[in-house]
Amino acid sequence: MIIFGGTGFIGRHLACYILEHQLYDRVVAVDLQPLDTSMCSERMSGLLESPRWKYFHADVRARLDVPYDGQLDLVVNLAAVHREPGHQPIEYYETNLLGAEQVCDFAEREHCQTVVFTSSISPYGPDEAVRDESSVPTPATPYGGSKLAAEKIHQTWQAKDPARRLLIMRPGVVFGPGEGGNVSRLIKAVLGNYLVYMGNRGTRKAGSYVKELCRAVFWMMKYQQENGQQVIVFNMSMNPGPSIQEYVEEVCRVGGVSRWIPSVPYTLVLSASHVIHLVAQTLGLRKNPIHPVRIKKLVRSNNIVPKVLVDAGYQYHYDLPGALEDWRREMPSEW
């Protein structure tokens, strides 16, 4: 099987899950960037040293000629430009749309009948209302718009042959060992004692532990096959998505600290973030954890529920406490 975007955060974990459970004879990770072992735990590094895992350098925006002997049973498309902020609007569309076209073209040429595409909850757009897979997508960002269009490209690939199976997963924030994203920043802010609430204690954030995501992908593939469904679109999140306060309280418990989190007016924090962003731009600093876009995200709920997954009978293995505890055990350096 082949994972496009295979050296990224989810790709690394997905490959490890496959190797650990011996689901496929070999895993080819296709990516622009080679594997960064500093983002891997000792367990992951050991698994990815297996001769059954191979790295192949390629750009999904161009024709893909990935060497693969024998029948290709599964293609997983994780490749994407996804960090917000961090890219120009055209970059999201250029990579996410061209990538979808090239991956589907590759699957067609290789006669692969099963594709898993990782989309996002971003196509739903910001809204405090609870939404599930039946809700009408209303993307409000280039990332969300590009992901929704990429879904349609994959669906077009499937529609060409009724024997093909397509699984589209829409995850919320995905966290875990080696993530380096939103939840990692939250952990650092809590443990570093510089987090503040901005009237967002109850803001819900649909999220999933990366190991749960890996389990759910292959559980849903089996469910899809057993029930004869050719296309399934499902949200990937804990049920319900935890609130900001619940994330913070569990980080404190797992981190073994006690923190008093002050409350500061949102408008004050947002104004300060604009000033900090301006200074960071002037100094040429690319990474700015107090970016205005990130501040706005912290007060917007992603109240997405995984109705399809729950209705199918999926049993969760990790709750939020268990996920954070497992993360700390595997990569204590990130805590």
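In strand 10, the residue that forms the bridge partner of Leu-167 is Ile-232. The model in which this pairing appears is a predicted one, and the report below starts from Leu-167, moves out to the sheet and the helices that lie on it, and ends with the chain taken as a whole.

**Leu-167 and its surroundings**

Leu-167 is found in strand 7, and six bridges join strand 7 to strand 10, the two strands running parallel. Because buried means under 20% relative accessible area, Leu-167 counts as buried at 1% relative accessibility. Leaving out residues up to four places away in sequence, Leu-167 touches Val-115, Val-116, Phe-117, Val-217, Met-220, Met-221, Gln-224, Ile-232 and Phe-234. One of these contacts, Phe-117, lies 50 residues away along the chain, yet its C-alpha atom and that of Leu-167 are separated by 6.2 Å. Strand 10, which supplies the bridge partner Ile-232, is itself mostly covered, with five of its six residues buried.

**The sheet**

Strands 7 and 10 belong to an open sheet of seven strands, whose order is 3-2-1-4-5-7-10 and whose pairing is parallel. The edges of this sheet are strand 3 (53-57) and strand 10 (231-236), each of which pairs on one side only. On average, neighbouring strands of the sheet are turned by 15° against each other, direction ignored. At the edge formed by strand 3, five bridges join it to strand 2 (residues 27-31), and these two strands run parallel; within this pairing, Val-28 stands opposite Lys-54 in strand 3.

Which residues does Thr-118 contact, leaving aside its neighbours within four places in sequence? Thr-118 has its place in strand 5, and its contacts are Asn-77, Leu-78, Lys-147, Met-169 and Pro-171. With 7% relative accessibility, Thr-118 counts as buried.

**Helices on the sheet**

Helix 4 (residues 142-159) lies across strand 4 (75-77), strand 5 (114-118), strand 7 (165-171) and strand 10, and it runs at about 165° to strand 7. Helix 6 (residues 210-226) also packs on the sheet, where it touches strand 5, strand 7 and strand 10, and its direction makes about 150° with that of strand 7. The buried residues of helix 6 are Val-210, Lys-211, Glu-212, Leu-213, Cys-214, Ala-216, Val-217, Phe-218, Met-220, Met-221 and Gln-224; among the residues that Leu-167 touches are Val-217, Met-220, Met-221 and Gln-224.

The spans of two helices, from end C-alpha to end C-alpha, can be set beside the values expected at 1.5 Å a residue.

| Helix | Residues in helix | Span | Expected span |
|---|---|---|---|
| Helix 3 | 21 residues | 30 Å | 30 Å |
| Helix 6 | 17 residues | 25 Å | 24 Å |

For helix 6 the two values agree, and for helix 3 the reach is close to the expected one.

Helix 3 (residues 89-109) has as buried residues Tyr-92, Thr-95, Asn-96, Gly-99, Ala-100, Gln-102, Val-103, Cys-104, Phe-106 and Ala-107. What do the buried residues of helix 3 pack against? They pack against strand 1 (2-4), strand 4, strand 5 and helix 4.

**After the helices**

Helix 3 is followed by His-111, whose phi is positive, near 60°, and helix 6 is followed by Gly-228, whose phi is likewise positive, near 65°. In the loop between helix 3 and strand 5 one finds Glu-110. Since partly exposed covers the range between under 20% and over 50% relative accessible area, Glu-110, with a relative accessible area of 27%, is partly exposed. The C-alpha atom of Glu-110 is separated by 31 Å from that of Tyr-314, which is 204 residues away along the chain.

**The chain as a whole**

The secondary structure of the protein chain comes to 11 helices and 11 strands. For 335 residues, a compact globule would have a radius of gyration near 20 Å, and the protein chain, at 20 Å, agrees with this. Its C-alpha atoms fill a box of roughly 60 × 45 × 40 Å, taken along the principal axes. Of the 335 residues, 53% count as buried, while the accessible surface of the protein chain comes to about 15,500 Å², with 53% of that surface belonging to carbon and sulfur atoms. Among the contacts in the protein chain with a separation of 6 or more, 81% are accounted for by residues 24 or more positions apart.

Technical notes: Residues numbered from 1 in each chain as written. Predicted model: local features only at pLDDT ≥ 70, side-chain atom pairs only at ≥ 80, totals over all residues. Heavy atoms only, no water. Pairing = 2+ DSSP bridges. Helix = DSSP H or I, 4+ residues; strand = E, 2+ residues; numbered from the N terminus. Axes fitted to C-alpha atoms, helices over the stretch in contact; angles between N-to-C directions. Contact = heavy atoms within 4.5 Å. Expected span 1.5 Å × (residues − 1). Buried < 20%, exposed > 50% of the residue type's maximum accessible area, 1.4 Å probe, protein only. Rg over C-alpha atoms; globule rule 2.2 N^0.38 Å. Areas by Shrake-Rupley, 256 points an atom, 1.4 Å probe, with all protein chains shown as cover.
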